[in-house]
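Welcome, and please open your viewer before reading on. Each stop below tells you what to select and what to look for once you have it on screen.

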Amino acid sequence: MAFIGTCLSSCCFLEEHPRDPLPGRPSSGLHQEIDLDPIPSLPQQPQSTLPMTTTGASEPWLHPLEAFVNLAAYEPTSLAIFTNESGSPETVTYLEAWERAYAIAQGLQALPDWSDDVSVVALHVEPEVHWVLFTYALWILGRKVINFALNWPASIRTIICHRLNIKFILYESSKPGPTPDVHMVSASSLPRLSTVPPPSLDLCAPLQEYVGYISTSGTTGIPRTFPAPHRMGNTLKPSWPGRYISNGVFQAPSFSVTMGWLLSSANVKGSLWFPRLTPNVVDKVKEAIALLNSGMQLLFQSPSFMNMTFRMAQSMDKSAKWPAVKSIVMGGEMLPPVLVHQARELCPNALIRSIYGSSETGAVGIAAYFVLSPAEPVPTRLVYTLRIPNVRIALVDNAGQRLGPETKRGILCFAIERNDPKGDHPDFHTTGPQDPLASFGYFADGTPRICTMDDAELVRESEFVIHGRSGRRVKVNGINVDLGALESLLLAEMRKEITHCNITQTADLKITMLYVLARSSSTKLTPSHILTKTEYIFALQNIPKIPIHNFLELTEIPLNGSGKTDLNRLQRLAEQASCHGLAMGFPPLELNSDTESKIAAKVSRLGSEIVGIDAYGGRNYYIAGIGFDSLTVVRLAIAIKEEFGVEISPMTLLSHGMTPQIVASIIQESLDDRPFNPPATDLTFEVVQLDDASISAERFRPYAATERPRAILLTGATGFLGSFLLFELAERFPDTSIVCLARAEDDRKALERVRANCHALVLESRTEGKTKYDIWDRVTAVRGDLGQPLWGLATDVWLELARSIDLIVHNGAEVHWLHSYERLKSPNVLGTLTALKLATTDHLKAVHFISTMGAIPLLSRGGGRYREEIYPSPNISGGYGQTKWVSEQLVSRARSRGVPATVVRPSIITGDSVYGVSNSDDYIWRFIRGCIEMKATPSQVSNVYMSMSPVDYVAAAIAEIVAFPAALDKFVFHISCPRSSISQKAMFEQASAMGWQLLFVTADQFEFLLRQANNPKLNILYPLMVFVGTMDFHSVDDSNTRSIVSATCPEVSESFGRCLQYLAHVGYLPPPANPAAAMHKSIEYPEVSVFSRTGRHQ
């Protein structure tokens, strides 16, 4: 909590001073006025009147919008903004700022969904001009503002938007990812006004006491939000060393003190200076130096950032000094005296001030200060003074018990007099008694108090010294050790060797030191050198031997969005010290200000968070090389979809040597509406290269379909679909032999494999007397491999096969959702090409190619129906889908040269309609099993519908298409029907009716239950919940199929119930607690086991 440097407020009031009102608005009880100095070019203008708060400065406090309007009206040429964000200097006067803000306000009001219900609007902005303009525009409209942290994931944005009923997010340089039910609005999309009226409060909504919300960073959970009164800025007002001061803004607007500078700037007629935007920490430091060199007079930053700025400036110019700087303000972290010495050396005329506060103290207007004038010597320790009326310093112990006046050291709290308005803040009333150290709470006597969780020493009644965060005192070898004190000692003694160090104790009680080497160091120091010197320093200081188990060198100090040292990340790095060396093997991302660079950084961070190894954050690692598996890569794909609105399949992420930088380029292409072509293979070029013009009907007699082909070649007969398809083809062609291609040692074992899989999967085939399954006298098998030239067949076998068969059903493929196109190319693409060659060897044959809905390009799924046609775009996600798309193109090209062919695309294939024999690897069954085990389902308000066609129906439909000669003219077929559509809610209602206990909840409630369960086995449920939510099949065109297929798709509820019963019977699902009549009592299963091999196999 300490030193967060929040924009804080004081609530003292001055007597009312009657003055003339601002033109256009009479004086009111709420809106009071400000004194303005005479402007040489204009006569002194009268002002409006208000009772104000003050912090001791001569001018009373004015509402920031009223102060802004006053300046725009009476000092129109005063500088409001100076910026280098575009790479070249730009200035904005107060009048220009009014004109641009007013135009934005009018543009927002003109938005179709803008209404009076819009009370809070979020900003997703960098430290940039549009942050200022957006904020004033929203205040003009009477709206409240909250600044979103740019590193918040989509889930956090969604939660905050729901909490505050936010319907709009405004952005300019950094577009946020999609957020459900929220409009994203860019400044560039708003209409421009040709004329803007002069500044006047008459053009503004009534001034609001609360102007926005501030929030915590969210590093330890979902961010907390606090209402922000405009008087927050009053506490920072004394930090401005006068009027017309230029103040550099380097921290993100989501940091509450940044908001405080904006709230206070117009009150002191100051200007805000913005650097060139860059995500690179080193470049940010250089930009700060550039603004200091340009004459910036007030510099506020965290001690970490300030330390980097001073050190880099001195490394660039040993004589660097900025005498024009009038004020240096530091906050957000503990300030070491050595840094105060550096500030005095480089800015000799500056008043040095350190703010002690936090988001919580800022919300009620509490802050303490250390102030050092240019004439005063730098003290050995920094003493903070609290000068807020009705607020006293109090100390508590680790149990939250208040300590007596004789105790001078403990956890720092601020006690507020019970009759003071600060104690009326809503967060006091919403805090329960469960946590005695909660930020907001009460002492036993009912006194409101704010707990800082900092270890403090009381010097006098209103003065204190901070020793560090409470809990940094640890016991090592029986000795109490203050880790913060050790850090300060090492930094002071090794100034020339290191620029930063952090010492932390891990969960397994190991001490780790993380450090950054000084750039000016003449020799490359190894961890052993640092260890030796550390032990030497400890010995000189008579510090008992402290074992430091790990020394981790960092390339730069990790900073959070507010410019402070990211202590949470340092702790995680220490906990994962064993992974540090591996992470260092991947190069750091080259960060700059372009959008693709920012995307790469975010993807890198998302990946590191998902695999739980923080050291990978900011590095350009191979996604397949840092521990992602089939489950975690789904989470990454979901995170990318939520954050950027771009769908990249898990298979693609684990293929092609994908790195965050490559993924960023794909995302950027998709956002720019350019085709998504994974970098390893140009699929369009692949089709051109592989297409064989000799695969043609030119030298053959015209193909004449026959109802009685001599023989059919079936590939993929050992897979889930293929086993059912074999029997359906045999029934449709009762006088035809069927040859199955299968991997095996020889032809005999190939046939044994086919028969064994059919026996295991097609349970009805075991029933005696069913002639449909009495086919084995006309089924033969050929040993072959789809991935080999000519399928691995000897030339004589190949030629004999070509002579004897009249029809090819090419159902075989290697199905692996995580493999790349290159890995699957041989069996899936070259295997299809071989089937086409076989079709044009000896005599012309028809080829029926079994494809997948996944061969439909991503950009073709945005609207309308999935049409029964060949799609020319190669925008396919995932290696398997890409092989099917290329194969479809090759089949289509062969067809254009007269080769008879069809392409059949089944949708989701589920268990058979008789016994419900299912492929348990399917996502839907894994999701259902997890929900049943958890006894809850996120289906209460779900409107997702899925098409679930039983495997025996799909097989029968394919066989009917193959047997129908006119199918060759229609070419492309989709197998999906309305009877197969079922809602997610109906699925679980049926499971509940069958006896499984399920609680129907919303997705948010389900996510909460998942967190509460804290069961690693259930972690897959969240990504599966999101994945199932994308499986909505309402718009599949199947008109070609319906024109031919007479088979009726079974009612989905009937077949779905059989699948559940089968999966329970084989032990995949737990038995229902209360088996109901909905169970098919009549089903008698033969000996069965779980089938878990995904998809169609040769």
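## First stop: Ala839

Select Ala839 and show what surrounds it: leaving aside residues up to four places away in sequence, Ala839 touches Ile808, Leu844, Lys845, Val847 and Val899. Keep in mind throughout that you are looking at a predicted model. Ala839 belongs to helix H23, which covers residues 821–839. Is Ala839 buried or exposed? Its relative accessibility is 0%, so Ala839 counts as buried. For a distance to check in the viewer, pick the C-alpha atoms of Ala839 and Ile805: 34 residues separate them along the chain, and the atoms are 9.1 Å apart.

## Zoom out to the whole chain

Now display the full protein chain, with its 32 helices and 37 strands. Of its 1098 residues, 58% are buried. Looking at contacts with a separation of 6 or more, 73% are between residues 24 or more positions apart.

## Two crossing helices: H3 and H5

Select residues 129–140 for helix H3 and residues 256–265 for helix H5; their axes come within 12 Å and cross at roughly 65 degrees. The crossing is right-handed. To see the contact, show side chains for Trp131, Val132, Thr135, Tyr136 and Trp139 in H3, which meet Thr258, Met259, Leu262, Leu263 and Ser265 in H5. Colour these contact residues by type and you will find seven nonpolar, three polar and no charged.

## A buried helix: H7

Next, select residues 303–316, helix H7. Its end C-alpha atoms lie 20 Å apart, in agreement with the 20 Å that 14 residues should span at 1.5 Å a residue. How many of the 14 residues of H7 are buried? Twelve are, so the rest of the structure largely encloses this helix. The buried set runs through Pro303, Ser304, Phe305, Met306, Asn307, Met308, Thr309, Phe310, Arg311, Met312, Ala313 and Gln314. To see what they pack against, add helix H6 (281–293), strand S11 (298–301), strand S12 (327–331), helix H8 (337–346) and strand S23 (498–505).

## Follow S23 into its sheet

Keep S23 selected and bring in its sheet, an open one of three strands in the order S23-S24-S25 with mixed pairing. S23 and strand S25 (550–554) are the edge strands, each pairing on one side only. On average, neighbouring strands here are turned by 20 degrees against each other, ignoring direction. Add residues 511–517 to show strand S24, which pairs with S23 in the antiparallel sense over seven bridges. Which residue in S24 does His500 stand opposite? Label Val516 to find the answer.

Two helices pack on this sheet, so to speak, as the next selections show. Helix H11 (residues 483–493) touches S23 and S24, and its direction makes about 160 degrees with that of S23. Helix H13 (residues 567–575) touches S23, S24 and S25, with its direction at about 70 degrees to that of S23.

## Another enclosed helix: H16

Select residues 632–644 for helix H16. This helix of 13 residues reaches 18 Å from its first C-alpha to its last, close to the 18 Å expected at 1.5 Å a residue. Ten of the 13 residues are buried, so H16 is largely enclosed by the rest of the structure. Among them are Val633, Leu636, Ile640, Glu643 and Phe644. Step on to Gly645, which follows H16 and has a positive phi near 70 degrees.

## Two loop residues with positive phi

Select Asn165, in the loop between helix H4 (154–164) and strand S5 (168–171). Asn165 has phi near 55 degrees, a positive value in a residue other than glycine. Its relative accessibility of 39% makes Asn165 partly exposed.

Then go to Tyr244, in the loop between strand S8 (225–229) and strand S9 (246–248). Tyr244 is also not a glycine, and its phi is positive, near 60 degrees. With a relative accessible area of 38%, Tyr244 is partly exposed.

## Last stop: the S32-S34-S36 sheet

Finish with an open sheet of three strands in the order S32-S34-S36, with mixed pairing. Strand S32 (908–910) and strand S36 (981–983) stand at the edges with a single partner strand each, so one side of each has no neighbour in the sheet. From one strand to the next, the twist averages 50 degrees. Select residues 945–950 for strand S34, which runs parallel to S32 and is joined to it by three bridges. Zoom in on Ile909 to see its bridge partner in S34, Ser949.

Notes:
Residues numbered from 1 in each chain as written. Predicted model: local features only at pLDDT ≥ 70, side-chain atom pairs only at ≥ 80, totals over all residues. Heavy atoms only, no water. Axes fitted to C-alpha atoms, helices over the stretch in contact; angles between N-to-C directions. Helix = DSSP H or I, 4+ residues; strand = E, 2+ residues; numbered from the N terminus. Left-handed = near helix turned anticlockwise from the far one by under 90°. Contact = heavy atoms within 4.5 Å. Nonpolar A, V, L, I, M, F, W, Y, C, P; charged D, E, K, R; others polar. Expected span 1.5 Å × (residues − 1). Buried < 20%, exposed > 50% of the residue type's maximum accessible area, 1.4 Å probe, protein only. Pairing = 2+ DSSP bridges.
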